[in-house]
Amino acid sequence: MRTVIVCALSVMVLLVSNSAVSAEKLHIEGSTTVGPIADGFTEVFKDMYPDVTITVNKSGSGTGAAALMDGRCDIATMSRFMKEQEFKNAIAKNVFPVAHAVAMDGVCIVVHPSNPINALSSEQVRDIYLGKMINWKQLGGPDIPIVVISRDTSSGTYETFESFIMKGQKMAPSVEYVSTNPQAFARVEKTRGAISYVGYGFIQTGVKALTLDGVEPSRQTILNGKYPASRPLFMFTNGYPVLGSMTYKFVTFHLTEKGQEVIENKGFVALTDY
Amino acid sequence: MNVSYIGRTLQPAAGFKQPLVLTIGQDIKGFVLRHLGRLALFILTCTSVLAVFLIFLFVILEALPFLGKFSIVEFLTSTAWYPQAHDRPEFGALTLVVGSVYVTTAALVFSVPIGVLAAVFLSEIVPFRIRDIVKPVVEILAAIPSVAYGFFAVLVLAPWLQEHLDFATGTNAINASLLLSIMALPTIISVAEDSISATGRELREASYALGATRIETMFKVVIPAAHSGIIAAIVLGMMRAIGETMVVWMASGNASRIPRPWWDLSQSVRTMTATIAGDMGETEQGSDHYRALFAIGLLLLVMTLLLNLVSEYFLTRAKKSLGKS
């Protein structure tokens, strides 16, 4: 019995001392779209500042905003700007959100590679998501029922799609919901009649990205705003971060050459040229 | 008067550490420790009961403002679930309840025959040695994390269903039901097998003595004798299926609608558990959407509580009938 107590106490002492040694922690929560950028920054930071522990959580823009308001994270990554209600809640909790735009992203419509359709207009996409078009042959394609897939309502990608394409109208009840960009990608890759929307950074061989309103999604069109569904990606902090602190270095990393390299590697569009 | 010599002069019997007559101090110490020990164990038991009670209380308190503000009739009968709509959010939970019922019922249709027959096989037909190997293996199925089942559903089962059965979409009610039936199988097999094994030998011997064959004894004597336990097993499997979240979130497609025609299980459905899990992270605390999710949670809790009471009733009946025989 005495040995058990001694062992338990020594384990507790070790745990406490371990957490006291690692100096600084940075917790980042939020969008699955901006998540890979935060992951890329974290990897570079591991080499530059080895004794800082950075954790990145990807659970949705709304979740990140809620975490920043509750003080559970230092930086909230969001693929959309904060809503009015979120700002009000934050101010009520004495949190002053400051937005840092770190990259540009385009919400791209994707279909299965075997689908012969190459271009759609915003109205056609809206009709598909409203349930007015239910078969690809109505759009000039093969006779396959359209499987409409959307992101769930907690994601910033959904918000952008809703504001640019749906224009506030409610989606049809037959629309399927998936929770992350990679899951939407996997569904479209395997389903012949599927249509969905993913962030520009998630397009790889395996799905076909469509031209929207005659504009092809590419770096140039997203950056100069020609692509109709392009949006900036944000990192929010509580107030402007203290100059020189780890939070400051993280949210201004996109202005450095290395940061821009990371962003381009992840398939997004960097805001400035180096 | 020196009282302590009383303990010394009377020799304790062999094996006893305490003297046969205690001092006043030892007596009081024993009394206090005994009652303190009982109090500590009582508190520990109360904690678990209190936990269940507090969960219920918390969910009811969070859901009540919603039920006061929106009509319960609309909540239970409307099929429009648009909680995030800007102009007029609608909270109709009928599609969610129907989705849960569809997926659970189909899962039971798959798993009950297989589970009960497997339990009969394991307890009646197979030698003890094989049963001792197979039962733990079946229980391993229950230990696989549900996220692993979810991955399997989206990445393997959904494309297979699309290619070979020519469904438009592979993440649908059938996909979720198949996986839920695999998850409910270990529960059903374990509990049913335990209850069938627990029927006394006298029943079987009497049946054989009257000239019944082995299969007649199995299906006409033993299984009816164990029917309360089997029903309890089925209800426990149903509770597992109705409460499963991750698998249905990934495998059922989450389209909030009632399949039309009603028997077409190849269409996507949305369950209560997946709605709560998918939406809870983003909603601001205290908003209507948040409270609506708690109302759905309350509905789910009430349903599982009723199922639990039903299974408890059948289990006690099983114990009573076995005790009598």
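In chain B, helix α5 (residues 128-141) and helix α7 (residues 173-197) cross at roughly 140 degrees, their axes coming within 8 Å; helices are DSSP runs of H or I of at least four residues, numbered from the N terminus, and axes are lines fitted to C-alpha atoms over the stretch in contact, with angles running from 0 to 180 degrees between N-to-C directions. This is a predicted model, in which local features need pLDDT of at least 70 and side-chain atom pairs count only at pLDDT 80 or more, whereas totals for chains, interfaces and linings use all residues. Residues are numbered from 1 along each chain as its sequence is written, and chains are lettered from A in the order in which they are written.

On the α5(B) side the contact is made by B:Val138, B:Glu139 and B:Leu141, and on the α7(B) side by B:Ile182, B:Leu185, B:Pro186, B:Ile189 and B:Ser190, where contact means that C-beta atoms, placed from the backbone, lie within 7 Å.

Helix α7(B) also gives the most, 13 residues, to the largest nonpolar core. That core, a set of buried Ala, Val, Leu, Ile, Met, Phe, Trp, Tyr and Cys residues joined through C-beta atoms within 7 Å, has 123 residues, and those with the most contacts inside it are B:Ile188 and B:Val247; buried means that 20 or more other C-beta atoms lie within 10 Å of a residue's own. Beyond its neighbours within four places in sequence, B:Val247 is in contact with residues including B:Tyr149, B:Ala153, B:Leu179 and B:Met183. A second, separate core of 14 residues includes B:Phe66, B:Trp81, B:Phe91 and B:Ala93.

Turning to the other chain, 25 residues of chain B are in contact with 26 residues of chain A. To the side of chain B that touches chain A, α6(B) gives the most, with five residues.

Technical notes: Two residues are in contact if their C-beta atoms, placed from the backbone, lie within 7 Å. Helices (H or I, at least four residues) and strands (E, at least two) are DSSP runs, numbered from the N terminus. A residue is buried if 20 or more other C-beta atoms lie within 10 Å of its own, exposed if 12 or fewer, and partly exposed in between; C-beta atoms are placed from the backbone.
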